[in-house]
Amino acid sequence: MAKQRDEFYDGVIEGMPLFAKELIAGGVAGGFAKSAVAPLERIKILFQTRQAEYRSLGLIGSFTKIAKTEGPLGFFRGNGASVARIVPYAALHYMAYEEYRRWIIQGIPGVDKGPILDLVAGSFAGGTAVLFTYPLDLVRTKLAYQVVEFQKLNIQRLVTDEQVYKGIKDCFSKTYKEAGIKGLYRGVAPSLYGIFPYAGLKFYFYEKMKSHVPKERKNDIAIKLACGSVAGLLGQTFTYPLDVVRRQMQVQRLSACTSHEMKGTVDTLVMILRTHGWKQLFSGLSLNYLKVVPSVAIGFTVYDMMKAYLRVPSRDDAGVEGVTSSRSSQPSTLHS
């Protein structure tokens, strides 16, 4: 019985297309990593969008306030939508990156397979993933923006000034009824502006640092984690202001204190600068650093494990030969 089960599993794995394996590996890695840092993600969003209430409290004070007013589950408010978004996003991001890289190698004979290739492939992969999953990101932000304390203090104000969302489905429905498809993609412009350089730079920095690692240590998981974490931090620093603008655009209709309508990316950026100063564009960045390191570490580990489990061939072997079916080989180097 066990032998038949193993043979069935082997048949399924061997018959699975390469892109499907990359989708599965990326999705699982993204889901695990996102859930692990959900409490920090909630605090970061509150820092970005409710600065008067939470920014002054600091990290520890914000954790304490959420624990008292919302309980342990408060740290995971919006995480369902976050995981629902990150699984397809990470799956598409990894798979698209690998596909774009292979297409470039096959379409441009003799192209340099160095970090510049990863910069281009990573940028386009990031944009592709964002376009397909952005509505889920917007819903995640709106759910995380709501705080239970307002319900306790003034339910009438919450109903009139802030849209009450009971869950992912309810948030989708009300957002669509209010503004249609355009409403579900509100803030997508700064998201794209940010993801193109961020995703590209993340891959670029990772490959650049890996190129300086001695060959005998290339497969050392500690080296992968260190290089990936630093690459993520550098990419995040350069593009973080656009993330703040995106969050503000996503929640502006919920904000009772917004006296001016922010029409677009530039208007929102100017409003933030005039109202809060340039430092607000980096609000929550230090917290984001704390989130990125464990997230990248977990993402690397799970992605490598999944690719080994699914018997994904070497990325370069697949890229050069245009392989679309798997064969036994060492799992490819992870990019996150």
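**Cavities and helix packing in the predicted model**

Good morning. I begin with the lining of the largest cavity: by class, its residues are 16 nonpolar, twelve polar and eleven charged. Here Ala, Val, Leu, Ile, Met, Phe, Trp, Tyr, Cys and Pro count as nonpolar, Asp, Glu, Lys and Arg as charged, and the others, Gly among them, as polar.

The model is predicted, with pLDDT of at least 70 needed for local features and 80 or more for side-chain atom pairs, while totals for chains, interfaces and linings use all residues. Residues are numbered from 1 along each chain as its sequence is written, and side-chain values use heavy atoms, with hydrogens and water left out.

How many cavities of 30 Å³ or more does a search of the whole structure find? There are two. A cavity is a set of points on a 1 Å grid over the protein atoms alone where a 1.4 Å probe fits but cannot get out, and lining residues have an atom within 4 Å of a point. The largest cavity holds about 790 Å³ of space, a volume being the space filled by probe spheres set on the points. Its lining comprises 39 residues, and Lys34, Arg85, Ile86, Tyr89 and Tyr198 are the closest to its centre.

Which helices supply this lining? At least two residues each come from H2 (18-36), H3 (38-49), H6, H7 (115-145), H11, H12 (221-251) and H14 (285-309). H11 has the largest share, with seven residues. Helices are DSSP runs (H or I, at least four residues), numbered from the N terminus.

The second largest cavity has a volume of about 70 Å³. Lys34 appears in this lining as well, along with residues including Glu41, Arg42, Phe75, Arg77, Ser82 and Arg140. H3, H6 and H7 each supply at least two residues, and the largest share, four residues, belongs to H3. By class, this lining has four nonpolar, three polar and five charged residues.

I turn now to helix packing. The axes of H6 and H7 come within 7 Å and cross at roughly 165°; axes are lines fitted to C-alpha atoms over the stretch in contact, with angles from 0 to 180 degrees between N-to-C directions. H6 and H7 are therefore roughly antiparallel to each other, a word reserved for angles over 145 degrees. Their crossing is right-handed, that is, the near helix is turned clockwise from the far one by less than a right angle. The contact of H6 with H7 divides into 21 nonpolar, six polar and five charged residues.

H6 (residues 79-107) also packs with H11 (residues 188-210), where the axes come within 13 Å and cross at roughly 60°. That makes H6 oblique to H11 (not under 35, over 145 or from 65 to 115 degrees). Tyr89, His93 and Tyr97 of H6 make the contact with Ile195, Ala199, Lys202 and Phe203 of H11, contact meaning heavy atoms within 4.5 Å. These residues are five nonpolar, one polar and one charged. The crossing of H6 and H11 is right-handed.

Finally, H7 and H10 (residues 168-184) pack at an angle of about 120°, with their axes 10 Å apart. That makes H7 oblique to H10. The crossing of H7 and H10 is right-handed. Residues of H7, including Tyr134, Pro135 and Leu138, meet residues of H10, among them Cys171, Phe172 and Thr175. The contact of H7 with H10 has ten nonpolar, two polar and one charged residues.

Notes
On a 1 Å grid over the protein atoms alone, a cavity is a set of points where a 1.4 Å probe fits but cannot get out, and a pocket is an open set with protein on both sides within 12 Å along at least five of seven lines; lining residues have an atom within 4 Å of a point.
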